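Visitor: Could you take a close look at one part of this structure for me, namely the loops and places where the backbone does something out of the ordinary? I would also like to see how that part sits within the whole.

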2 protein chains.
Amino acid sequence: MVGSKLVARLARDGHLGGTSITQVALIDKVKALTPEGVGFDVNSVEGDLAEVRTATDALAHRPDVIFHLAAVVSAEAETDFEKGYRVNLDGTRGLLDAVRACGEGYRPRVVFSSSIAVFGEPFPEVVGDDQCLTPLTSYGTQKAICELLLADYSRRDIIDGVGIRLPTITVRPGQPNKAASGFFSNIIREPLRGRPAVLPVAQEVRHWHASPRSAVEFLLHAATIDSAQLGIRRSLTMPGVSVTVAEQIAALRRVAGDDVAALIRYEPDELVARIVAGWPRDFDTRRARELGFRAEASFDEIIRVHIEDEVAGPIATVGV
Amino acid sequence: MVGSKLVARLARDGHLGGTSITQVALIDKVKALTPEGVGFDVNSVEGDLAEVRTATDALAHRPDVIFHLAAVVSAEAETDFEKGYRVNLDGTRGLLDAVRACGEGYRPRVVFSSSIAVFGEPFPEVVGDDQCLTPLTSYGTQKAICELLLADYSRRDIIDGVGIRLPTITVRPGQPNKAASGFFSNIIREPLRGRPAVLPVAQEVRHWHASPRSAVEFLLHAATIDSAQLGIRRSLTMPGVSVTVAEQIAALRRVAGDDVAALIRYEPDELVARIVAGWPRDFDTRRARELGFRAEASFDEIIRVHIEDEVAGPIATVGV
C-alpha cells in the first residue's frame with residue numbers, strides 16, 4: 001500500500017531530491033500496476049527477492065535509490081514461520097547480496113522500511129533513540145535482523161542504507177490485511193464509509209500512528225538526506241502521534257460526528273490484545289526530528305489526511 | 001579452544017547438571033580429537049552446520065543440550081565477508097532450523113556463545129544489561145543476529161536457548177589465532193614461556209577478560225540453569241575483569257617478575273587499535289551474577305589460573 005502511494009508520488013513529482021527520475025523498476029510477488037501518465041520508464045517485475053535471479057534482475061540498471069518495503073506482516077509472520085523468515089529476512093539479504101555482487105563501486109541508497117515491532121516489553125513508557133531491540137514477534141525479530149544487516153553492509157560500503165521504523169500506518173486505505181494492527185485503521189476507515197467496525201482491544205490501549213502520506217514523506221526524505229549524519233546507527237524511529245483508542249474515537253467524533261463513531265463495536269480478541277500489549281506506545285524521536293522527518297501533530301489531522309487522500313468527496317459521503 | 005576444554009571437562013565430570021552423560025557428538029570443520037578415558041560414547045563429525053545434512057546428522061540422537069560455539073573470529077569475519085556470514089549466521093540458523101525440523105516436541109537447551117562484540121560505540125563507560133546491540137564489526141553483527149534468532153526460536157518453543165556473551169578469553173593457550181583480541185593473551189602467555197610478545201595498542205586500552213576455565217564454567221552453568229528466569233531476554237553478558245593493558249602488565253610483573261614483563265614490546269598496529277577502540281571496556285553484569293555466573297576477581301587470578309591449567313610445572317619453567 002505504501003509502495004503504490006510512493007510510486008504514484010514519484011510519478012507526480014518526476015524527480016527525487018532534485019534529480020530527474022529516468023527509470024523505475026517495481027518488484028513484487030504480484031506484478032504491480034504501472035501508474036498512468038508517467039514521465040519515465042517503468043519496469044514491473046513479478047518475483048521473490050530471496051531468489052538470486054530476481055534480485056539481480058532488479059538491479060540490472062543499477063538504480064541510485066532502492067526502496068525496500070517488502071514484508072510479510074506481523075500476524076502472518078507469526079502463523080507462517082518459514083514464510084516470514086523467507087520474505088522478511090532472506091528477501092532483504094538477497095537484495096543486499098545482489099548489490100554486493102554488482103561490485104564496480106556500485107553503492108545505492110537503500111531505504112529500508114523497518115517497524116516499531118523491533119521493540120518489545122519491558123520498555124519505558126516513552127521509548128527513546130537508545131532503546132534496545134528486543135522484539136516479541138518473529139516479524140519484529142526479522143526487522144531487527146535486517147536493521148543489523150543494513151548497518152553492517154553500509155559500514156562496509158556495499159550500500160548506503162537508511163532504515164526507518166515506521167509507526168503503525170493509520171488510516172490504512174482499502175481492505176483489512178492480516179496485520180494485528182489492522183483494527184487501528186478499521187475503526188476509522190469503516191465508520192467514515194458508514195460501515196460498522198470491530199474493536200478487538202480495550203479503549204485504554206495506547207499506540208503510535210502516522211498517516212500513509214507521512215510514510216511516503218519519510219521514504220522520500222530517507223532517500224535524499226545526507227546519510228553521513230547517521231553515523232553507524234543507520235536506523236531511525238520515525239515521528240508519529242501517540243494516542244489511546246479512546247482518543248482515536250474522540251477524534252473521529254470531532255471530525256465526523258457521533259453517529260459515525262457509534263459504528264464501532266467492541267469484540268475482544270485475546271490474540272490481538274496479547275500481540276498489541278507487547279508493542280510500544282509512545283516515542284521520543286529526537287534523532288529523526290533533528291534530521292528533518294515530520295509526521296502529523298494530532299490524530300484529528302491523521303483523520304483529515306485520510307479524508308483528503310482517500311474518501312471520494314467531502315465528509316457528506318459518509319452519510320452524516 | 002573453549003570447545004575442547006569443555007569436552008575434557010565433561011569427560012572428567014561424567015555428568016551435567018546431575019544427569020549422567022551417555023553420548024556426545026562433536027561437530028567441527030575438522031574432525032575433533034576424542035578425549036581419552038571417557039565414560040560415554042563420543043561421535044566426532046567433520047562438517048559445516050550451514051549444510052542441512054550436517055546439522056541434521058548432529059541431531060540424530062536428539063541431544064538434550066547443544067553447545068554452539070562455532071565461529072569465524074572477528075578479524076577473519078572482517079576480511080572474509082562471505083565466510084563470516086556463512087559460518088556465524090547461516091551455521092547457527094542451519095542448526096536451529098534442523099532442531100525445528102525434528103518436531104515431535106523436541107526442544108533442546110541450546111547454549112550459544114555470543115560476544116561482547118555485539119556492543120559498539122557510543123556506549124557508556126560501564127555497559128549495563130539494557131545496552132542496545134550496535135556492533136561495529138561483521139562478527140559482532142553476526143553474533144547480534146544470532147542472539148535475535150535464539151530469542152525468537154526460544155519464544156516459539158523450538159529451542160530452549162541461553163546466549164552468553166563471553167568476555168575476551170584471557171589467557172588463551174596455544175598459538176595466536178586471527179582474532180584482533182589475540183594480543184591480550186599473547187602479552188601474558190608468551191613472556192611466561194620466556195618468549196617476546198608484541199603489544200599493538202597503547203597501555204591505556206581497557207578491556208574485559210575472563211579465563212578459559214571461567215568460560216567453561218559459564219557454558220556448564222548456562223546448560224543447567226532454569227531458563228524460565230531469563231524471560232524473553234535470552235542472552236546475558238557474562239561477568240569478567242575490567243583492566244587496562246598497563247594493569248595486565250602490572251599483574252604479570254607481580255605474578256612472574258620484572259624480567260618476564262620486560263619481554264613485551266610495543267609495536268603499534270592501526271587496524272587492531274581501530275577495531276579494539278570500538279569495543280566496550282567495562283560491564284555491570286547484574287543479571288548474570290544474580291543467575292549465579294561467576295568469573296575471576298582480578299587479573300592476577302586470571303594469570304594464576306592460566307599457570308595452573310596450562311603452564312607445565314611451576315613458574316620456574318619460564319626461567320625467572
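**Backbone exceptions and their surroundings**

Guide: B:Val171 has its place in the loop between β8 (168-169) and α6 (182-192) of chain B, in what is a predicted model. The peptide bond that joins B:Thr170 and B:Val171 is cis, with an omega of about 5°. A second cis peptide bond joins B:Glu121 and B:Pro122, where omega is about -5°, and B:Pro122 lies in the loop between β6 and α5 (138-155) of chain B. As background to these cases, most residues other than glycine have a negative phi, and most peptide bonds are trans.

Phi is the other angle to look at, and B:Arg62 has a positive value near 50° although this residue is not glycine. B:Arg62 lies in the loop between α2 (52-58) and β5 of chain B, and it counts as exposed because 11 other C-beta atoms lie within 10 Å. In chain A, A:Asp157, also not a glycine, has a positive phi of about 60°; its loop runs between α5 and β7 (160-166) of chain A, and with 9 C-beta neighbours inside 10 Å this residue is exposed as well.

The loop of B:Arg62 leads to β5 of chain B, and in that strand (residues 65-68) B:Val65 and B:Phe67 point one way while B:Ile66 and B:His68 point the other way, all of them buried. In a regular strand the side chains alternate between the two faces of the sheet. Strand β5 of chain B runs parallel to β6 (residues 109-115) of the same chain, and 4 bridges join the two; within this pairing, B:Val65 has B:Arg109 as its bridge partner.

The loop of A:Asp157 starts from α5, and that helix brings us to the place where the chains meet. There, 17 residues of chain A are in contact with 17 residues of chain B, and helix α5 (residues 138-155) of chain A, with 6 residues, gives the most to the side of chain A that touches chain B. By class, this side holds 8 nonpolar, 5 polar and 4 charged residues. The copies meet through the same surface, because 100% of the interface residues of chain A are also interface residues in chain B.

Finally, chain A superposes on chain B by a rotation of 180° with 0.0 Å of shift along the axis and an RMSD of 0.0 Å, and the two copies are therefore related as by a two-fold rotation axis. A:Cys132 comes closest to that axis among the residues of chain A, its C-alpha being at 2.0 Å.

How values were computed:
Residues numbered from 1 in each chain as written. Chains lettered and ligands numbered in written order. Predicted model: local features only at pLDDT ≥ 70, side-chain atom pairs only at ≥ 80, totals over all residues. Least-squares fit on C-alpha atoms with pLDDT ≥ 70 in both. Contact = placed C-beta atoms within 7 Å. Nonpolar A, V, L, I, M, F, W, Y, C, P; charged D, E, K, R; others polar. Buried ≥ 20, exposed ≤ 12 C-beta atoms within 10 Å, placed from the backbone. Pairing = 2+ DSSP bridges.
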